[in-house]
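User: I'm new to reading protein structures. Could you walk me through one, feature by feature?

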Amino acid sequence: MKDSKPFSLFFKPKKKNTRNPKRHYFFEEFYVAGYRHYDGHQLEETILEGKTVDFKREPKNPHDSKAVELFLGRKKLGYIPQTENKAIAKLLDQGVRVRGVIGKRNYDDRPNKKIKITPFKETTH
């Protein structure tokens with residue numbers, strides 16, 4: 001009679017792919033903070049729904065170490081509100097490209113409710 005190896009009912013799970021884990025980012029829409037203090041009022045004719053807004057970190061901002069500036073071309077529109085900038089600031093600090101799309105504009109409203117931005121993570125293929 002041959003020696004037989006014990007039969008196991010347990011299987012070792014396959015290793016997960018840790019090299020390129022998929023990450024999904026979900027962001028809340030926000031209104032531009034500080035709009036009246038920057039170039040936005042000069043650009044009201046060119047600020048159109050669907051235009052892309054660039055995000056730039058400003059870690060040395062004296063009021064907010066997580067500050068993220070918003071630009072339409074080279075003109076500064078304002079900032080992501082301090083209450084909503086932490087996750088995006090962290091991603092930008094890690095080198096992830098995050099931008100925004102102008103989703104709503106209302107120049108008859110209060111200065112802090114004039115332009116709504118929808119952020120998105122830019123993907124490269």
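Analyst: Happy to. Start with the order of the elements: from the N terminus on, this chain runs β-β-β-β-α-β-β. Keep in mind that what you see is a predicted model.

User: How many helices and strands does the secondary structure come to?

Analyst: One helix and six strands.

User: And how much of the chain counts as buried?

Analyst: The idea is to ask how accessible each residue is; under 20% relative accessible area means buried. Here 30% of the 125 residues make that grade.

User: What do contacts tell me about residues that sit far apart in sequence?

Analyst: You look at pairs with a separation of 6 or more and ask what share is really distant along the chain. In this chain, 56% of those contacts are between residues 24 or more positions apart.

User: Okay, next: the core. Which residues have the most contacts inside the largest nonpolar core?

Analyst: General idea first: in soluble globular proteins, nonpolar side chains tend to be buried together. In this model, the largest nonpolar core has 21 residues, and Ile47, Phe55, Leu70, Leu77 and Ile117 have the most contacts inside it. Several elements each supply at least two residues: β2 (52–57), β3 (68–72), α1 (86–93), β5 (98–105) and β6 (115–121). The largest share comes from α1, with four residues.

User: Let's zoom in on one of those. Where is Phe55, and what does it touch?

Analyst: Phe55 is in strand β2. To read its surroundings, skip the neighbours up to four places away in sequence and see what remains. For Phe55 the list is Phe30, Val68, Glu69, Leu70, Ile80, Ile88, Leu92, Val98, Arg99, Gly100, Ile117 and Pro119. Take Glu69 from that list: Phe55 and Glu69 are 14 residues apart along the chain, with 5.7 Å between their C-alpha atoms.

User: Is Phe55 buried or exposed?

Analyst: Its relative accessible area is 10%, so Phe55 is buried, as the cut-off is 20%.

User: I've heard that aromatic rings can pair up. How many aromatic pairs are there here?

Analyst: Two. For each pair, you read the distance between the ring centres and the angle between the planes. Phe30 and Phe55 make a tilted pair, at 6.3 Å centre to centre with 55° between the planes. This pair links distant parts of the chain: Phe30 belongs to strand β1 (residues 30–31) and Phe55 to strand β2, 25 residues apart. Phe30 is buried too, at 2% relative accessibility.

User: And what about the pair formed by Tyr38 and Tyr79?

Analyst: Tyr38 and Tyr79 are edge-to-face, 5.7 Å centre to centre, with 70° between the planes. Tyr38 lies in the loop between β1 and β2 while Tyr79 is in strand β4 (residues 75–79), so the pair ties together parts 41 residues apart in sequence. As for accessibility, Tyr38 is partly exposed at 27%, and Tyr79 is buried at 13%.

User: Which residues does Tyr38 touch, leaving out those up to four places away in sequence?

Analyst: Lys76, Leu77, Gly78 and Tyr79. Check the backbone as well: Tyr38 and Leu77 are 39 residues apart in sequence, yet 5.8 Å apart in space from C-alpha to C-alpha.

User: Let me try the same reading on Phe71. Which strand is it in, and is it buried or exposed?

Analyst: Phe71 is found in strand β3, and at 17% relative accessibility it counts as buried. Using the contact rule again, Phe71 meets Val53, Asp54, Lys56 and Lys76. Compare sequence and space once more: Phe71 and Gly100 are 29 residues apart in sequence and 9.7 Å apart in space, C-alpha to C-alpha.

User: Last one, pockets. What is the volume of the largest pocket, and which residues are closest to its centre?

Analyst: With a pocket, you read the volume first and the lining second. The largest pocket here has a volume of about 210 Å³. It is lined by 13 residues, and the closest to its centre are Ala33, Asn61, His63, Asp64 and Tyr79. By type, the lining splits into seven nonpolar, five polar and one charged. You've already met Tyr79, the edge-to-face partner of Tyr38.

Methods. Residues numbered from 1 in each chain as written. Predicted model: local features only at pLDDT ≥ 70, side-chain atom pairs only at ≥ 80, totals over all residues. Heavy atoms only, no water. 1 Å grid on protein atoms, 1.4 Å probe; cavity = no way out; pocket = protein on both sides within 12 Å on 5 of 7 lines; lining within 4 Å. Points joined across faces, edges and corners; volume = space filled by probe spheres on them. Nonpolar A, V, L, I, M, F, W, Y, C, P; charged D, E, K, R; others polar. Core = buried A, V, L, I, M, F, W, Y, C linked by side-chain atoms within 4.5 Å. Buried < 20%, exposed > 50% of the residue type's maximum accessible area, 1.4 Å probe, protein only. Phe/Tyr/Trp six-rings, centres within 6.5 Å; stacked < 30°, edge-to-face > 60°. Contact = heavy atoms within 4.5 Å.
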